[in-house]
Amino acid sequence: MYIYIMSKNLLIFSLFCIAFSFGMNKASSQNTAIEKQNNTLKQPPYLKAGDTVAIVAPSGILKNRIGEVQQAQALLKNWGLHSVIGKYVFNKANHFAGTDDERCEDFQNALDNPKIKAIWCARGGYGTVRILDNLDFSKFKQNPKWVIGYSDITAIHNQIHNEGVESLHAMMCVSLPKDESEIEASISTFKNTLFGNPLSYTLKGSSYNKTGTASGQLVGGNLTMLHTMLGSKTSIDTSGKILFIEEIGEYKYHIDRMLQSLKRAGYFDNCKGVIVGDMTKLRKNTTLWGTSIEQLVLDALADYNFPIAFNMPAGHEPDNRTLILGRTTQLTVDKDKSSIVFKN
């Protein structure tokens, strides 16, 4: 009987230890997830007069775009900045601005050069994903600098976010029109952000706005690119974060399909909010979708309680305001207006 009682007590004690250990491990995992979720990203140094910006072309070909790149250099010079152009920027390799190796070399050199304080992508298009896995960010993480662009550059923004560094979703060299006053707001927010001035926006209201408040790191970019990254090491964990999306040249059903795919993958499960930028040049299918693009987004995200703000002037329209990706952001959404305030 004594042996039986001792064996029974030992069994109870063992089960208690296992349960306690499981609880501790679970709590530790939850704490690690929360710590990761709330981790502040490295902020590259803001620019100052005399700094150097590298202009590179990691994506599409720059056919007949030399004038726009020179205009971008002149703009930087007016701000007191120097510029260098990547060795292969104006090369041609079918669809791309040089071969994959050439585009990768230009970008890698800019990442590694400590004299370069910002990397400005000349244009988007397509091609960044082809060089992404060959880029080495180790020196960049030791000496972070601003990487600037949008559209196809979303792939690099995603990777940089996962490396723990902020970046700028902003205009590119080919965004400059002959009359720069046409995009004065885009240029001024770009300059102000580069030089470290506080950044905030008040957006015009929308009856489609899903009201509420949220705070979290801002992530995202082009919807197609976010969808393309899904399932790879470059996909972003949106837990505790605010997601920005924009798109160009897609059918509405394509946009719904991408949102549904992201949704099924758990992309929005722990998201804190969504900011919808420009949905530009939407294509018309022979079978009409039947609702506005705003309603499409609301329907796709109807299962979630986070706020959704429309009318952010960022994306493929001339008015393309700068966003600091990875920066903690306060989002307030009402029907009559929304506000986005970046923590300085």
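Ile-66, Ile-85 and Phe-90 together make a nonpolar surface patch of about 220 Å² in this structure, which is a predicted model. Of the residues in that patch, Phe-90 is placed in the loop between β2 (82-85) and α3 (100-112), and with a relative accessible area of 31% Phe-90 is partly exposed. That value fits the patch criterion, because a residue can contribute to a patch when its relative accessible area is over 30% and it has no salt bridge.

**Aromatic pairs**

The structure holds 10 aromatic pairs. One of them joins Tyr-46 and Trp-146, whose rings are stacked, with 5.8 Å from centre to centre and 20° between the planes. Since Tyr-46 lies in the loop between α1 (2-38) and β1 (52-56), while Trp-146 belongs to strand β4 (residues 146-149), the pair ties together parts that are 100 residues apart in sequence. The partners can also be described by their accessibility: Tyr-46 counts as partly exposed at 23% relative accessibility, whereas Trp-146 is buried, with a relative accessible area of 0%.

Another pair is formed by Trp-120 and Phe-190, and it is classed as tilted because the ring centres are 5.2 Å apart and the planes stand at 50°. This pair, too, links distant parts of the chain, with Trp-120 in strand β3 (residues 116-121) and Phe-190 in helix α6 (residues 184-194), 70 residues apart. Both Trp-120 and Phe-190 are buried.

Elsewhere among the aromatic residues, Tyr-267, Phe-268, Tyr-304 and Phe-306 form one aromatic cluster.

**Cysteines**

How many disulfides does a search of the whole structure find? The search returns 0 disulfides. Why does Cys-121 have no bond to Cys-173? The closest cysteine sulfur to that of Cys-121 is the one in Cys-173, and it lies 8.5 Å away, which is too far for a bond; the reasoning rests on a cut-off, because a disulfide requires a pair of cysteine sulfur atoms within 2.5 Å. Cys-121 is buried, with a relative accessible area of 0%, and Cys-271 is likewise buried, with a relative accessible area of 7%.

**Accessibility of selected residues**

The table gathers accessibility values for residues discussed above.

| Residue | Relative accessible area | Class |
|---|---|---|
| Phe-90 | 31% | partly exposed |
| Tyr-46 | 23% | partly exposed |
| Trp-146 | 0% | buried |
| Cys-121 | 0% | buried |
| Cys-271 | 7% | buried |

How values were computed:
Residues numbered from 1 in each chain as written. Predicted model: local features only at pLDDT ≥ 70, side-chain atom pairs only at ≥ 80, totals over all residues. Heavy atoms only, no water. Patch = residues over 30% accessible without salt bridge, like charges linked within 9 Å, V, L, I, M, F, W, Y side chains within 5 Å. Areas by Shrake-Rupley, 256 points an atom, 1.4 Å probe, with all protein chains shown as cover. Salt bridge = Lys/Arg side-chain N within 4 Å of Asp/Glu carboxyl O. Helix = DSSP H or I, 4+ residues; strand = E, 2+ residues; numbered from the N terminus. Buried < 20%, exposed > 50% of the residue type's maximum accessible area, 1.4 Å probe, protein only. Phe/Tyr/Trp six-rings, centres within 6.5 Å; stacked < 30°, edge-to-face > 60°.
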